[in-house]
Amino acid sequence: MNEAAPKDYAEALGLWLAEAPSPVVERLPPGEAAGRVLAEPVQALDALPPFDNAAMDGFALRLEGEALPEGTRLRPEGAQFAGDAEQVSSAEAIEITTGAVLPAGFDAVVPVERTTRLADGRIELTQAVRRGQHIRRCGSDIAAGSLVLPPGRVVDAEVQTIAAALGVARFGVARAPRIAVIATGPELVDDPAQPLGSGQIRNCNRPGLAARIRGAGAECVYQTTIGDDGDELEAAIAKAEAAGAQLVLSSGAVSMGRHDFVPDTLARLGARILFHRLRMRPGKPILAARLGSGLHYAGLPGNPVSTAVGFRFFVEPWIRRALGLPEERPLRLPLHAALPARGGFRFHLKARLCLDAGARLGVEILPGQESFRLAPMLEANCWAIIPADSPDLEAGSPVEVLPLCHLPAFPLSA
Ligand SMILES: Nc1nc2c(c(=O)[nH]1)N[C@H]1C(S)=C(S)[C@@H](COP(=O)(O)OP(=O)(O)OC[C@H]3O[C@@H](n4cnc5c(N)ncnc54)[C@H](O)[C@@H]3O)O[C@H]1N2
Ligand code: MOO
């Protein structure tokens with residue numbers, strides 16, 4: 001086992017990501033690709049709108065010049081409805097509905113409510129009409145041949161709508177990375193119906209990690225709970241591999257206690273330890289390794305917030321690599337209140353974006369930062385990152401902030 005001095009976060013992350021997998025492309029119909037990340041660009045084969053068409057129900061008109069004055073009288077002949085093939089018409093006006101092809105030679109649309117119908121069947125304009133008004137031009141939304149969706153775009157409702165509008169039959173998306181969860185600890189109870197015995201607690205890291213995996217765009221292919229036993233861990237790792245896992249996450253048993261058997265078991269299995277223990281909190285005892293089979297392993301500390309931090313700051317960057325996503329860029333936001341120096345560790349603090357009296361965005365550090373406290377996580381909507389050896393910070397000092405999940409509701413890019 002590598003007992004080298006604790007590494008800092010950046011160095012450890014570099015070691016870990018250097019071995020992360022590259023994206024593997026699979027082709028899916030857009031309807032099945034929700035939440036997936038595009039691995040290939042999407043080009044518009046057709047223009048959108050695909051033809052010049054009316055934006056209003058009314059009449060298509062021919063204009064000699066730039067405008068027709070109010071009071072002009074025109075005789076409509078025929079009709080062009082949405083879904084009709086383009087009519088050939090030499091009339092001075094033709095009835096038209098929203099979305100209908102604008103027949104050749106017509107260059108404006110007047111809404112029906114801007115006309116009055118005369119007794120002789122003609123219409124009279126109650127307002128002047130300008131050339132081009134109420135016409136949606138072919139390709140004015142998306143030009144044929146243009147790049148519509150770059151790789152790295154998450155497939156959401158907007159992407160699915162545009163893909164359908166353009167007739168995209170399949171997306172090339174990154175295959176969801178396959179991850180397994182092994183919760184360790186004889187104190188853990190999985191069944192919510194089971195009353196807790198003395199010394200027992202409910203297992204929240206196993207379902208919590210499974211949910212984080214799904215939310216981060218990966219797939220949880222196997223999950224189990226084991227006692228403090230190396231043979232059980234070895235068997236669980238074998239099952240995770242058989243289920244197709246590329247990465248195994250364990251929670252617990254990586255610290256200094258007599259039952260912290262994960263590092264020794266990995267050493268017995270011949271794993272290469274990339275790092276163990278970092279100058280960061282929560283998550284100080286985190287361990288990363290690579291097994292001989294190529295399986296990636298992250299030993300996350302058992303305190304639930306340490307598990308969450310290990311996931312957010314190591315597993316999610318790994319998932320981003322496997323999905324072909326670029327490195328995240330934290331926001332820099334002013335602290336709502338002063339924050340005393342915290343020493344030589346990098347801290348990930350439960351935090352909340354907030355507005356000051358002038359409605360300016362800032363970040364509030366929440367009370368209850370210990371890594372066993374879950375309740376503040378319900379208040380939190382981001383992590384504030386305080387680098388190692390930061391001095392006392394005054395209110396208003398900028399700090400780096402990342403959302404709770406790497407796939408946020410409001411993605412920001414460079
Ligand atoms: N002498 C030292 N003791 C500890 C150190 C240290 O440096 N020296 N580090 C502390 C830090 S920091 C952390 S974090 C914890 C992490 O320890 P482990 O990863 O070995 O985790 P456990 O001891 O197995 O569990 C810690 C804590 O979390 C609870 N737990 C574990 N798994 C789950 C689960 N699936 N669901 C809910 N809660 C879970 C467990 O019951 C313990 O309370 O070590 C400190 N100690
Ligand atoms: O990871 Mo421990 O939670 O640093 O407190």
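Ligand 2 in this predicted model is surrounded by Arg281, Pro282, Gly283, Lys284, Pro285, Asn303, Ser306 and Ser371. Sorted by class, this shell holds two nonpolar, four polar and two charged residues. Arg281 and Lys284 are the charged members, because Lys and Arg are counted in that class. Gly283 is placed among the polar residues, since Gly is assigned to that class.

Three polar contacts to oxygen atoms of ligand 2 may be followed in turn. The side chain of Ser371 brings an N or O atom to 2.6 Å from an oxygen atom of the ligand. Arg281 also takes part through its side chain, with a polar atom 3.1 Å from an oxygen atom of ligand 2. Lys284, by contrast, contributes a polar atom of its backbone, which lies 3.1 Å from an oxygen atom of ligand 2. As for its location, ligand 2 takes up space in the second largest pocket.

The second largest pocket is also the space taken by ligand 1. Around ligand 1 there are 22 residues, and the closest are Glu187, Asn203, Ser255, Lys284 and Gly302. Lys284 thus appears in the surroundings of ligand 1 and in those of ligand 2. The shell of ligand 1 divides into eight nonpolar, nine polar and five charged residues.

Polar contacts of ligand 1 involve both its nitrogen and its oxygen atoms. Asn203 places an N or O atom of its side chain 2.8 Å from a nitrogen atom of the ligand. At Asn205 a backbone N or O atom is found 3.4 Å from a nitrogen atom of ligand 1. Val254 likewise uses its backbone, where a polar atom lies 3.0 Å from an oxygen atom of the ligand. Considered alone, ligand 1 exposes 870 Å², of which the protein buries 71%.

The arrangement of the chain can be described next. The domain assignment divides the protein into domain 1 (9-24 + 175-323), domain 2 (26-47 + 142-174), domain 3 (53-136) and domain 4 (331-403). In these terms, Arg281 and Lys284 at ligand 2 belong to domain 1, whereas Ser371 at that ligand belongs to domain 4. The centres of domain 2 and domain 4, taken over C-alpha atoms, are 37 Å apart.

Enclosed space within the protein remains to be considered. The count comes to three cavities of 30 Å³ or more. The largest cavity contains about 60 Å³ of space. Its lining consists of Pro21, Ser22, Pro23, Val24, Arg175, Ala176, Pro177, Arg178, Gln246 and Ala322. These lining residues comprise six nonpolar, two polar and two charged. Pro21 and Arg175, both in this lining, fall in the two separate segments that make up domain 1.

Key. Residues numbered from 1 in each chain as written. Chains lettered and ligands numbered in written order. Predicted model: local features only at pLDDT ≥ 70, side-chain atom pairs only at ≥ 80, totals over all residues. Heavy atoms only, no water. Near = heavy atom within 4 Å. Polar contact = N/O pair within 3.5 Å; in protein donor to acceptor, adjacent residues only side chain to side chain. Areas by Shrake-Rupley, 256 points an atom, 1.4 Å probe, with all protein chains shown as cover. 1 Å grid on protein atoms, 1.4 Å probe; cavity = no way out; pocket = protein on both sides within 12 Å on 5 of 7 lines; lining within 4 Å. Sits in = over half its atoms within 2 Å of the grid points. Domains from an automatic or database assignment. Points joined across faces, edges and corners; volume = space filled by probe spheres on them.
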